[in-house]
Amino acid sequence: MADKKANNRKNNRNNDEDYNPKFRKMRKKVCALCSDKNLVLDYKNADQLKKFINDKGKILPRRATGACAKHQRDITTAVKRARHIAVLPYTQE
Ligand SMILES: [Zn+2]
């Protein structure tokens, strides 16, 4: 019984639900700002920037936003500018 399961696991390396879920393949996110050329990040647009902060007001990491390095930098700058002009909060609760 145990042997059969171990064998099955060995044969189906990556694309099997029986495989260790710790190393589950994650779908690669596409940068929202790269895919949509018309989308321009605006530090005065709170609704747009709210997608890039969590409920505590922290800026989400790249693995959560899916943004590329260049656009993550733009997001960070925009959020920080928005905080400075009190469009976004520095912290919540
Ligand atoms: Zn990008």
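**Close-up views of a five-helix chain**

**View 1. The buried face of helix H5.** His71, Ile75, Ala78, Val79 and Ala82 are the buried residues of H5, where buried means that 20 or more other C-beta atoms lie within 10 Å of a residue's own, exposed means 12 or fewer, partly exposed means in between, and C-beta atoms are placed from the backbone. They cover an arc of only 100° around the axis, which puts them on the same side of H5; this arc is that of the directions from the helix axis to the C-beta atoms. Look to the other side of H5 and you find Ala69, Lys70, Arg73, Thr77 and His84, which are exposed. The buried residues of H5 pack against helix H2 (32-35), helix H3 (46-49) and helix H4 (62-65).

**View 2. The whole chain, for orientation.** This is a predicted model, in which local features need pLDDT of at least 70 and side-chain atom pairs count only at pLDDT 80 or more, while totals for chains, interfaces and linings use all residues. Residues are numbered from 1 along each chain as its sequence is written. The protein chain has five helices and zero strands, with helices (H or I, at least four residues) and strands (E, at least two) taken as DSSP runs numbered from the N terminus. Of its 93 residues, 12% are buried. Two residues are in contact if their C-beta atoms, placed from the backbone, lie within 7 Å; among contacts between residues at least 6 apart in sequence, 59% join residues at least 24 apart.

**View 3. Helix H5 from end to end, with its confidence.** H5 spans residues 69-84, and its 16 residues reach 23 Å from the first C-alpha to the last. That is close to the 22 Å expected at 1.5 Å a residue, the expected span being 1.5 Å times one less than the number of residues. For pLDDT, the predictor's confidence in each residue from 0 to 100, the chain averages 83, and 72% of the residues score at least 70. Confidence is highest in H5, at 96, and lowest in helix H1 (residues 2-11), at a mean of 55.

**View 4. The largest nonpolar core.** Which residues form the largest nonpolar core? Its 10 residues are Tyr43, Leu49, Phe52, Ile53, Ala67, Ile75, Ala78, Val79, Ala82 and Leu88. H5 gives the most to this core, with four residues. A nonpolar core is a set of buried Ala, Val, Leu, Ile, Met, Phe, Trp, Tyr and Cys residues joined through C-beta atoms within 7 Å. Zoom in on Phe52: leaving aside its neighbours within four places in sequence, Phe52 is in contact with Ile59, Leu60, Thr65, Ile75 and Val79.

**View 5. Ala32 in helix H2.** Ala32 is partly exposed, with 17 other C-beta atoms within 10 Å. Not counting residues up to four places away in sequence, Ala32 touches Leu39, Gly66 and Ala67. Ala32 and Cys68 are 36 residues apart in sequence, yet 8.8 Å apart in space, C-alpha to C-alpha.

**View 6. Positive phi in the segment after H5.** Most residues other than glycine have a negative phi. Ala86, just after H5, takes a positive phi of about 60°, and Ala86 counts as exposed, with 9 C-beta neighbours inside 10 Å. Glu93 also lies in the segment after H5, and the phi of Glu93 is near 55°, a positive value. Glu93 is exposed, with 6 other C-beta atoms within 10 Å.
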